[in-house]
Structure formats: C-alpha cells, structure tokens
Amino acid sequence: MLASLPLTAPKVTSISWRRLLAPQGFGVGESVEVLSCEEIQLALDDSGALEGVPFMAEMQPHCGRWSRIARRVDKVYDYDATKMLRRPDSGVVLVGLRRDGANHGVCRYTQIVAAPVPLSCWDVRQDLRPLLAGNVTILAFAAALLAWLLNGEQGFRGRIPFPDATNGGQSRTPADAKNLAFHDQVRVPGSMEIGKTLDAENCNCELRFDREMIRHCHPQHALVSRVDRIIDDVTGRMVRMKTLCILLHDMVATGEFLRYGAQQEYLLWREVWPNSETPRTVEYKG
C-alpha cells in the first residue's frame, strides 16, 4: 500500500549508519502505528488527499494498527505519456498491506504521479536514496550496479543485455488456458521455454515478459489468483483484460530495472507459462 499518512513515532528507534546519513522520516523495518480514521481525516485536504496521496476506503481497516515500514517511497513510475520516474514528497510501503481494488472502478494513482517532480536520468542521487533508506541491501545494490555497468558495455558493443529474455519471434502467440485453481502449485519454467511463446517484442498476447520475471523462473510457487480486470494506470479506470492473467505468491517487482523503484507491484503472468504440479483427482464412472 502506497501511503503518505500520519504515523506515530516508531516503537524502537535504532541508531545506524542509515540514520546518520538519512535521518529524516521513518526507517525501513521500524514499527509504526497508523493514526485513527478521525485523526487522518483532519490532516486531509479538500480532495481527500495528503501531499497528493489519496486516503482510500481500503486503508480504513488498517487505521489504528501497528505495522512495519517495508520501503521508503523515493520514486514512482509515471505510466502516462512521460514514461518517467518522479519523486513524491513523501510516502512509505507498509508490510503486508495491499489494496484489493474491490471498492474502486477508478484508480486515483494518477494523482500521485501528477504532483511529484520528474527525475533526470543523469541524477545519480535517485540510485543512492534506496540504499540509504534501507530499501535494498549493500549486496543487492552492488549486484545491480555491476549489472548496469555490464549492460552499458554490452550496449556499446551492440550485444545482448543481461539477463536476456530470449523470444521465439512468434507471429501469433499461444494463450492456452490451463484452468489453474486458487492455490495450485505451479512450476515456472526457464526463460528459454517461456521465450517460445513470445513474439519479437517479448510479449504474449500483448503482455510483456521482461527481465524482472527471469529471476522467478524454475522454483515452485502457489497460485494466488486469476486476474480478469486491471486498473489502467494511464486513465485510472478499471478495464477488462482480453486474456486472463495470474498472480503468483511472492512474485513482485524488485524495481531493480527502474533504479530500484519502491512500488513492489505484483508481476502479471500468462497462464500458458507455468506448469501445474498440483495432482488432479480423476473421477471414473462405470
């Protein structure tokens, strides 16, 4: 849940090198209490938002509860025409809190990206903020930096970037429905096998298989749910998908390829990609 809401002081304030370098605001991992609905309402403007972030109905059940800071939101991606990273005034992601969209036919995410200042691609401070805030570890940051340097060299030499999501160049991609059920155990095959179902743009029925998804290939995961509707981040409206997608447990975008953006969105998968490993009971009649 992307939130810019009044929070109480953390239960425990630890002194660390991150605190010394970036003392403002709450730190990742700290426990905080979301204020009551009544207290939050007093802080909202006439549009029902605080610093550009709307207070939505899905947030109300979490008011007055304790949670932990999962990530500090130092940037958001503008899916509209600009296709740029923008820096919000403030915001945090709380552990385990996600809105399900049940109460919305129109998403107000477009308000979040309307106010923040666009970030220049040459501004290296946006790469350091996730590290200083605790969004990523030093090892993850170093690995991403090495991958960035490698891809820079690969691009200069006209070679394939790493990791490579090889596609099969299909003119018509398959969209076979496997009728996977809620909590079915599935195995995500390797990127080479998935690549056989992709067109030249690395898409299957207009859904892109990108580098964020390669890290999740091979292990087993539980099927979370089937997705037939989605919020269009450009228009903010709910639209029905032409081809169903699925969500897989714990498969979220790390933001590594968006300079460690903090949104942690679920990755959408085509049903044709994973292989079911849940045994089926066959009823014989005779």
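## A serine to start with

The side chain of Ser 67 comes to 3.5 Å from the backbone oxygen of Val 95. That is a small detail to open on, and it belongs to a predicted model, so take every value here as computed.

Where does Ser 67 lie? Its home is strand β5, which covers residues 66–72. Ser 67 has a relative accessibility of 13%, so it counts as buried, the cut-off being under 20%. Leaving aside residues up to four places away in sequence, Ser 67 touches Glu 30, Ser 31 and Val 32, and also Leu 94, Val 95 and Leu 97.

## The chain as a whole

Stepping back, the protein chain has seven helices and 16 strands. It has 286 residues, and buried ones make up 41% of them. Looking just at contacts with a separation of 6 or more, 74% come from residues 24 or more positions apart.

What about the outside? The protein chain exposes about 16500 Å², and carbon and sulfur atoms supply 56% of that area.

## A five-stranded sheet

Next up is an open sheet of five strands, running in the order β15-β14-β13-β10-β16 with antiparallel pairing. The edges belong to β15 and β16, each of which pairs on one side only. As a general point, strands of a sheet pair through backbone hydrogen bonds, either parallel or antiparallel.

Let's zoom in on one of these pairings. Strand β13 (residues 220–231) and strand β14 (residues 238–248) are joined in the antiparallel sense over seven bridges. If you want to find a spot on it, go to Ile 230, whose bridge partner in β14 is Val 239.

## Two nonpolar cores

In soluble globular proteins, nonpolar side chains tend to be buried together. Here, the largest nonpolar core has 24 residues, and the ones touching the most other members are Val 188, Ile 194, Phe 209, Leu 248, Leu 268, Trp 269 and Trp 273. The elements giving two or more residues to this core are α7, β13 and β14. Which element gives the most? That would be β14, with five residues.

Leu 248 is a good one to click on. Not counting residues up to four places away in sequence, its contacts are Val 186, Val 188, His 221, Ala 222, Leu 223, Val 224, Tyr 266 and Trp 269. Apart from the largest core lies another one, of 15 residues, including Val 32, Leu 50, Cys 63 and Ile 69.

## Rings that meet

Now for the aromatic side chains: there are three aromatic pairs. In one of them, the ring centres of Phe 209 and Trp 273 are 5.4 Å apart and the planes sit at 70 degrees, so this pair is edge-to-face. Why does the pair tie together parts that are 64 residues apart in sequence? Because Phe 209 lies in the loop between β12 (207–208) and α7 (211–214), while Trp 273 lies in the loop between β15 (269–270) and β16 (275–276).

Are these two residues buried or exposed? Phe 209 is buried, with a relative accessible area of 1%, and Trp 273 counts as buried at 1% relative accessibility. Trp 273 also pairs with Trp 269, again edge-to-face, at 6.1 Å centre to centre and 85 degrees between the planes. Trp 269 counts as buried too, at 0% relative accessibility. Put together, Phe 209, Trp 269 and Trp 273 form one aromatic cluster.

Methods: Residues numbered from 1 in each chain as written. Predicted model: local features only at pLDDT ≥ 70, side-chain atom pairs only at ≥ 80, totals over all residues. Heavy atoms only, no water. Phe/Tyr/Trp six-rings, centres within 6.5 Å; stacked < 30°, edge-to-face > 60°. Helix = DSSP H or I, 4+ residues; strand = E, 2+ residues; numbered from the N terminus. Buried < 20%, exposed > 50% of the residue type's maximum accessible area, 1.4 Å probe, protein only. Pairing = 2+ DSSP bridges. Core = buried A, V, L, I, M, F, W, Y, C linked by side-chain atoms within 4.5 Å. Contact = heavy atoms within 4.5 Å. Polar contact = N/O pair within 3.5 Å; in protein donor to acceptor, adjacent residues only side chain to side chain. Areas by Shrake-Rupley, 256 points an atom, 1.4 Å probe, with all protein chains shown as cover.
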